[in-house]
Amino acid sequence: MARNLRGEKDSIVNLILLGPPGSGKGTQSKFIETSYNLKQVSTGELFRSAVNNKTELGAKVQKFMSNGSLVPDDLTLDIVLESMRAIQKSCSGFIFDGFPRTLPQAHGLHEKGINIKLVINFIIDESKVLERLSSRRICPTCKKEYNLKFNPPRTDEICDTCQGKLAIRHDDSPVIIKKRIEDYDMVTRKLITYYHNQKILCDIDAGLPIEEVRLEIKNILDPLRERCHPRIR
Ligand code: AMP
């Protein structure tokens, strides 16, 4: 049995959401968090928050994020481990959203003894990804995400939660989207084979509407909860 970050025997469930940018990993993470007492660790959100808060880490990662490049593996692993330490006591496991994105990151997780129960592979056509990313909006104040076509705010371009004016993420510009999709194809896709060989990869059709993808995920996670992990509530 693997050990957790405190060196204890680890009965927690960790999931990875794997898929290209815009495939809906963040949206589905929120649903999994609330339904299964797992905590989301989104490297993209952690990096954006470090940049916005002008931390030392933010200064180091800004140049990579601003042109859509991957942040170096050592910085990425460090921020993941730090975030896990901060939230570990309060949950039954983690949902890694947007992490790992490279084989060294996956190896790093393994070397730290962080056991992955399941990898959900979000399969979606590039044309749909482009359509989703170009209509994605974020609230600069509370960071809630919307999609003007598929998950619009109640009032045009205004955040439902805090009434902030919605904005386009800097890295959702066409040139940067292209770079992020290329990185996914050239680098991150290798993880599909890596986790397939470990027999923990599960494909879903992420091109379906949000509610249907949610149901696909529920159908995967509910049996897992009942059979193996009574701690997932
Ligand atoms: P995301 O919100 O997941 O699309 O991530 C936004 C940006 O953060 C990416 O374009 C990368 O610059 C950086 N990033 C997020 N996760 C990772 C990761 N696992 N490895 C390297 N860079 C990452």
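These legends go with several views of one predicted protein model.

**Figure 1. The whole protein, seen as helices and strands.** Start by getting your bearings: the protein has 9 helices and 7 strands. Its C-alpha atoms fit in a box of roughly 50 × 40 × 35 Å along the principal axes. How does the radius of gyration fit with that of a compact globule? A compact globule of 233 residues would come out near 17 Å, and the protein has 17 Å, which agrees. Look too at how the chain meets itself: among contacts with a separation of 6 or more, 68% join residues 24 or more positions apart.

**Figure 2. The surface and the charges of the protein.** The accessible surface adds up to about 12100 Å², and 53% of that belongs to carbon and sulfur atoms. As for what is tucked away, 48% of the 233 residues count as buried. Now for the charges: there are 37 positive and 30 negative ones, and their mean positions are 4 Å apart.

**Figure 3. Helix H2 and its buried side.** Helix H2 covers residues 43–52, and its buried residues are Thr43, Gly44, Phe47, Arg48, Ala50 and Val51. Why do these residues sit on the same side of H2? They span an arc of only 160° around the axis, so they share one side of the helix. The general pattern helps here: an α-helix has 3.6 residues a turn, so residues three or four places apart point the same way. What do the buried residues of H2 pack against? Their partners are strand S2 (39–42), helix H3 (56–66), helix H4 (73–87), strand S3 (94–97) and strand S6 (145–147). Follow the chain just past H2 and you meet Lys54, which has a positive phi of about 55°.

**Figure 4. Asp160 in its loop.** Find Asp160 in the loop between S6 and helix H7 (174–188). Is Asp160 buried or exposed? With a relative accessible area of 18%, Asp160 is buried, because the cut-off for buried is under 20%. Leaving aside residues up to four places away in sequence, Asp160 touches Lys144, Tyr146, Pro153, Arg154 and Thr155.

**Figure 5. Lys112, in another loop.** Here we move to the loop between helix H5 (103–111) and strand S4 (118–123), where Lys112 lies. Lys112 is partly exposed, with a relative accessible area of 48%. How far is Lys112 from Ile177? The two are 65 residues apart along the chain, and their C-alpha atoms are separated by 32 Å.

Note on methods:
Residues numbered from 1 in each chain as written. Predicted model: local features only at pLDDT ≥ 70, side-chain atom pairs only at ≥ 80, totals over all residues. Heavy atoms only, no water. Helix = DSSP H or I, 4+ residues; strand = E, 2+ residues; numbered from the N terminus. Rg over C-alpha atoms; globule rule 2.2 N^0.38 Å. Buried < 20%, exposed > 50% of the residue type's maximum accessible area, 1.4 Å probe, protein only. Contact = heavy atoms within 4.5 Å. Areas by Shrake-Rupley, 256 points an atom, 1.4 Å probe, with all protein chains shown as cover. Lys, Arg positive; Asp, Glu negative; His and termini not counted. Charge placed at Lys NZ, Arg CZ, Asp CG, Glu CD. Arc of directions from axis to C-beta.
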